[in-house]
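Trainee: I would like to take a close look at one part of this model, the pairing of oppositely charged side chains. Could you go through it slowly and keep to what the coordinates support?

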Amino acid sequence: MNFFDNVTPDWLERQYLLWQEDPGQLDSKWQAFFSGFSLAEGGLHPPGPHPDRISCVDCSKKQVGVGVLIHRYRDVGHLLACTDPLKPCALSHPLLELNNFGLDESDLDSVFITPDFFLHQATLRDIIAALRETYCRSVGVEYMHMQEPSERQWLRDRMEPSGNRSIVTSEDQLEILHKLTEAALFEEFLHRRFIGQKRFSLEGGEALLVFLEQIVTATATVAVTDMVLGMSHRGRLNVLANIVGKPLANIFAEFADSRELGFVGEGDVKYHQGFDSDRFFPNGSRLHMTLAFNPSHLEAVNPVVEGKCRARQDRMATHGSRAVLPVLIHGDAAFSGQGMVAETLNLSQLEGYSTGGTIHVVLNNQIGFTTLPEDSRSTHYVTDMAKMLMAPVFHVHGDHPEAVVHVAGLALEYRQTFGRDVIIEIICYRRHGHNEGDEPAFTQPLMYDRIKAHPPVHTLYATQLVENGLDAALPAALELEISTRLQGALATPVEPVAVGYKSEWHSIQRAYAPANAATAVPREKLVELAQHLTAIPEQFTPHPKIATLLEKRLQAVKTGTGLDWGNAETLAYAALLTEGIPVRLSGQDCRRGTFNHRHAVLHDIKNGVSYTPLDHVPGATAPFYVYDSMLSENAVLGFEYGYAVTSPKQLVIWEAQFGDFANGAQVIIDQFIASGETKWDRSCGLVMLLPHGYEGQGAEHSSARIERYLQLCAEDNMLVVNPTTPGQLFHLLRRQVSLPFRKPLIVFTPKSLLRHPVCVSNLDELSDGTFREVLTEEPTSGAVSTVLFCSGKIYYDLCDYRTKEQRDDVAIIRVEQLYPLRTDLMKEAIAHYSGVTAWRWVQEEPANMGAWSFLRARLSRLLGAHCVYVGRQPAAAPATGSHRQHKVEQDELMVQAFSTPGSTASSAPTTPYYGDRR
């Protein structure tokens, strides 16, 4: 706490009187303060009785006023900082006027004791000058909101004695000028050479490159080996060319849309592309840089970057490792407007998602497309939301590159020291419109009058350096050298796109192919695993119901019958760990499981200590991670995508609390999971577990929206599966990391079936066989007249009804994998039956949902005949909110499914009906 925090003059007067009577009555810090004050006053007021106390008390009030003034500058000095290139600098601020502190101009040359300031004894004039130099120049700092005194003091020690600036050598200045000129001429070259093409120019914000270059070069001295950047389209091409090192020839070929360049899949626009490269330093160190691919959805890449960093850190076996640095570059309007920012910030200090601190750079153009700040946020600063992390916030003038360099170095040092996020706002402007074909003067004419008259930062800085002694010919020579290099790149052959994946992905194939992976586990090993997974440590007292559950799991494995969903899932994870495959499971309440089936983490009911059985699997050579996530789908799913795309040899799973809750992360699903491979050639083996099933729980707790995922399916981009047995889940999870390729796996998991007495598997189903995309039944002795196709939970309802009605003439085929549809296996299943008079698809979902729309034409082609739809009528909501009505609909569905051809009951619509439902 600051020495003068919460001090009032009245309180100080009482303390001073006590000190005069007996210094020992006070804390040592206040003893030193009053002793120093007396010395400054010429030793006129030593301890003990003294007749002239009033004048000394007046002096002490001024002394307190100086302390409060110092605190005020630290707290709100940023309000007087000169950080806007488009506005004149303010000369004063009402909160910092002397009269607020009981001071006036007559006190300016008085000497004051300031034990909590680097000038321990100085005139008020010098104190104010030092404070203004630190807090009111080109850098404004917000850090007094931080709750850790040690972090505040650390920042203070580095800012106040130096006046919040670094020593910049002439070599440093030339490097800054080079980077600014490089940034400016790159944009000018693109503008001239590729007229009319969008590039989302960095012009006006060129200081970003100076910031990033400082971060990159400083990593060599702070043991950072990997840096992952995320940013939107503004300035992206410049960062690719001049920071990450993407060949200029390739960038120019993308502008020319050259066939020579080539790409895998559909490709994406040039300002969404990513790149990775290595930077080598004179001290022998190396920095691997990655700029993550990003869609137009602003800030969507933020959690992806964090997940990519965490995956690398986990491989280094150090959670929160400072060796991997995430850097996120934000736009001003998006930082305050997009909820993804707040969600990602909230991940930063959570056990399962922390990455040792992120450097956030807000490139403040002072406009969002055509929207001004007063219309886009309710806060004073665009960065105000970030203060929820108790992180320091720096506001820096975008036309003062040396200040930008200083802040970059301070930010990196802070991150490496404390492992926490830090936020930097570079206040600049956008020289053109939202894109180069847009006219910003339509909506901001006055602002763009100022911008047109404002010289670019590389010109301003060159002029400053020349005035300070730089050879006047050097800036022109530098421009010529850069221009020559840009022009030469046009004639340089394009560097070919690499064929085949690199690093951890080198053994992974791109293309999907139907394959049976070896996923069975010997019976003896499963029994051994079960014994350890159900063993309770000594002195650990689990909940009695959990103890009973574990005993039932063990007995099921020993007897070889009755393995439920949670048992088979846990055995799948344990077996993978013994094979050196790490497992990461994340989601809301996933340690226990939304529906109380998993219990991956046990809790002692006497002392609250937790125990994770999968952390103690004998023979395990890989870690098991399981985390209850924050109450978010968007950022958490994005994080897990980033983790999975970096970890092809690891089983990475995100579980939704309810399947349809995943619609809160639709951007991640659409832009990354479903299309990331075809756009960016980035495969991903992420597993999504989506609870799905109709049990009368209403519109939001029934459907995982199967139809949405099937609509996204094309070009073998995803695996969409609706397994119906624990054994199928066991093989499915193991298959995901055993196949030669990686595709996102969408799994519709059950709810009521988790404890359904019939939805169990024998141990033999785990110790033999593999995942089966299509499940058929044993042939019956009687003739089959009706074949029902279905997927998921409804199979058990159909079986129950068939038994009750004694309908041996009805066969059921389960489509376990909906996409890619194994038509070869479907044909084999169909071939078992001859003389069939009715082929029907049965689903719980309304006709405009579920798998019907996706499968209708495919089934007809396979059958060479019409397939009848049996299910609910089209509906706007997935399910009724009435349990009574749900049961009525479910019963009617069974009647329709088992009706004989031509009967009244078989009059269910054969095609979806999209008219009025009344």
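Trainee: Which side chain meets that of D116 in a salt bridge, and at what distance, N to O?

Mentor: The partner is R156, whose side chain meets that of D116 at 3.9 Å, N to O, where a salt bridge is a side-chain nitrogen of Lys or Arg within 4 Å of a carboxyl oxygen of Asp or Glu. D116 lies in the loop between β1 (111-113) and β2 (121-123), while R156 belongs to helix α5 (residues 149-159), so this salt bridge ties together parts that are 40 residues apart in sequence. Helices (H or I, at least four residues) and strands (E, at least two) are DSSP runs, numbered from the N terminus. R156 is buried, with a relative accessible area of 5%, buried being under 20%, exposed over 50% and partly exposed in between (1.4 Å probe, protein chains only).

Please keep in mind that this is a predicted model, in which local features need pLDDT of at least 70 and side-chain atom pairs count only at pLDDT 80 or more, whereas totals for chains, interfaces and linings use all residues. Residues are numbered from 1 along each chain as its sequence is written, and side-chain values use heavy atoms, with hydrogens and water left out.

The structure holds 43 salt bridges, and one of them joins E182 to R485, with the closest N and O atoms 2.7 Å apart. This pair links distant parts of the chain, since E182 sits in helix α6 (residues 170-193) and R485 in helix α17 (residues 474-490), 303 residues apart. E182 is buried, at a relative accessible area of 8%, but R485, at 33% relative accessibility, counts as partly exposed. E182 and R485 also belong to a network of salt bridges in which they are linked with K179, E213, R279 and E481.

In another salt bridge the side chains of E777 and R802 meet at 2.7 Å, N to O. Here E777 lies in the loop between β19 (774-775) and β20 (786-790), and R802 in helix α27 (residues 794-805), so the pair ties together parts that are 25 residues apart in sequence. E777 counts as buried at 17% relative accessibility, and R802 is buried as well, with a relative accessible area of 15%.

A further acidic residue, E844, is found in strand β23 (residues 838-846) and is buried, with a relative accessible area of 3%. Its C-alpha is 9.5 Å from that of S791, with the two positions 53 residues apart in sequence. Leaving aside neighbours within four places in sequence, E844 is in contact (heavy atoms within 4.5 Å) with several residues, including K793, D797 and R872.
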